[in-house]
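Please work through the following exercises with the sequence and the coordinates open beside you. Each task is followed by a solution that goes step by step.

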Amino acid sequence: MTIEILTVLPELLTSPFEHSMMKRAQEKGLLTIKLHNLRDWAINKHGQVDDYQYGGGAGMVMVCEPLANAIDQLQEAGKFDEIIFMTPDGARFDQKQANTLSLQNRILIICGHYKGIDQRIRDLYVTKEISIGDYVLSGGELAAAVVVDAIGRLIPGVLNDETSALTDSFQDNLLAPPVYSRPADFRGLTVPEVLLQGDPKKVDQWRSEQALIRTKQRRPDILDHE
Ligand code: ADE
């Protein structure tokens with residue numbers, strides 16, 4: 001899978017993908033991440049990509065031309081399966097969306113800044129608008145990093161243990177159950193007996209029960225949602 005990211009701050013996005021699982025995914029050739037600096041398509045030699053908004057009001061808007069020219073040029077190598085715009089007014093990102101996106105071949109993520117991007121780019125090019133939560137970041141880069149990480153780890157072959165994504169929180173509209181490791185007794189807090197006995201059926205049942213209890217307590221809103 002190839003994920004291309006269009007941003008005015010590519011520096012912000014180098015480190016998140018140079019470690020751990022994202023690094024391994026790229027080394028294994030399962031994930032390619034390409035960062036593109038929008039200023040390479042700036043409207044003048046000062047690297048300008050934004051302008052005042054019509055109608056007045058505070059805040060600059062990322063203008064059409066650099067974005068359109070960048071997308072057109074990048075699509076000369078083939079159409080993107082999705083063109084995603086990171087924005088707080090997009091649909092809330094969740095595990096289901098991560099699953100769906102992880103099956104695509106090539107996607108483009110556009111990171112917004114300032115007051116956002118000219119609406120006509122959204123109308124003409126953008127196929128999905130994603131928010132990572134109900135708060136406003138100073139730009140779309142950190143949100144894009146969250147989305148790439150959530151997608152990247154789901155690409156088949158990226159996780160060492162193929163089944164482990166299936167037991168993540170949210171995969172069954174349930175939060176993950178508690179987990180324990182050694183020692184069996186830490187400051188008087190002991191590991192539940194059923195986990196120490198190691199009967200796989202009983203362990204599965206205990207985990208299902210705990211996942212349900214946790215979800216009911218913490219996130220009743222996700223129970224039985226499709
Ligand atoms: N850009 C700024 N805030 C954002 C958010 N919450 N989600 C996605 N992109 C954003």
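The exercises below concern a predicted model, and they move from the overall layout to the core, the salt bridges and the largest pocket.

**Exercise 1. Describe the overall layout of the protein and of its domains.**

Step 1. Begin with the secondary structure: the protein has 7 helices and 9 strands, and its C-alpha trace spans about 70 × 40 × 35 Å along the principal axes.

Step 2. Turn then to the domains, where the assignment gives domain 1 as residues 2-152 and domain 2 as residues 169-224. Taken over C-alpha atoms, the centres of domain 1 and domain 2 are separated by 37 Å.

Step 3. Finally, consider burial over the whole chain: of the 226 residues, 41% count as buried.

**Exercise 2. Find the residues and elements that build the largest nonpolar core.**

Step 1. As background, nonpolar side chains tend to be buried together in soluble globular proteins.

Step 2. The largest nonpolar core here holds 30 residues, of which Ile-3, Ile-5, Phe-17, Met-86 and Ile-109 touch the most other members.

Step 3. Sorting the core by element, those that give two or more residues are S1, helix H1 (20-27), S5, H3, S6 and H5. Among these contributors, H5 gives the most, with 7 residues.

**Exercise 3. Locate three salt bridges and decide for each partner whether it is buried, partly exposed or exposed.**

Step 1. The structure holds 7 salt bridges; one of them joins the side chains of Arg-106 and Glu-4, with an N to O distance of 3.2 Å. Because Arg-106 belongs to strand S6 (residues 106-111) and Glu-4 to strand S1 (residues 2-7), this pair ties together parts that are 102 residues apart in sequence. Both Arg-106 and Glu-4 are buried.

Step 2. A further salt bridge is formed by the side chains of Asp-89 and Arg-122, at 2.7 Å from N to O. This pair also links distant parts of the chain, since Asp-89 lies in strand S5 (residues 82-92) and Arg-122 in helix H4 (residues 119-124), 33 residues apart. With a relative accessible area of 53%, Asp-89 falls over the 50% cut-off and is therefore exposed, whereas Arg-122, at 13%, falls under the 20% cut-off and is therefore buried.

Step 3. The side chains of Arg-219 and Asp-221 also meet in a salt bridge, at 3.0 Å from N to O. Arg-219 has 31% relative accessibility and so counts as partly exposed, and Asp-221, at 40%, likewise counts as partly exposed.

Step 4. Look lastly for shared partners: salt bridges of this kind join Asp-89, Arg-122 and Glu-129 into one network.

**Exercise 4. Characterise the largest pocket and place it relative to the two domains.**

Step 1. The largest pocket holds about 610 Å³ of space. Its lining consists of 20 residues, and those closest to its centre are Asp-94, Gln-95, Lys-96, Phe-170 and Ile-222.

Step 2. Helix H3 (95-101) and helix H5 (141-152) are the elements that give two or more residues to this lining, and H3 gives the most, with 4 residues.

Step 3. Divided by class, the lining of the largest pocket has 8 nonpolar, 5 polar and 7 charged residues.

Step 4. To place the pocket, note that domain 1 (2-152) and domain 2 (169-224) both give residues to its lining, so the pocket lies between them.

Definitions and conventions:
Residues are numbered from 1 along each chain as its sequence is written. This is a predicted model: local features need pLDDT of at least 70, side-chain atom pairs count only at pLDDT 80 or more; totals for chains, interfaces and linings use all residues. Side-chain values use heavy atoms; hydrogens and water are left out. On a 1 Å grid over the protein atoms alone, a cavity is a set of points where a 1.4 Å probe fits but cannot get out, and a pocket is an open set with protein on both sides within 12 Å along at least five of seven lines; lining residues have an atom within 4 Å of a point. Grid points are joined across faces, edges and corners, and a volume is the space filled by probe spheres set on the points. Ala, Val, Leu, Ile, Met, Phe, Trp, Tyr, Cys and Pro count as nonpolar, Asp, Glu, Lys and Arg as charged, and the others, Gly among them, as polar. Domain bounds come from an automatic or database domain assignment. A salt bridge is a side-chain nitrogen of Lys or Arg within 4 Å of a carboxyl oxygen of Asp or Glu. Buried means under 20% relative accessible area, exposed over 50%, partly exposed in between (1.4 Å probe, protein chains only). A nonpolar core is a set of buried Ala, Val, Leu, Ile, Met, Phe, Trp, Tyr and Cys residues joined through side-chain atoms within 4.5 Å.
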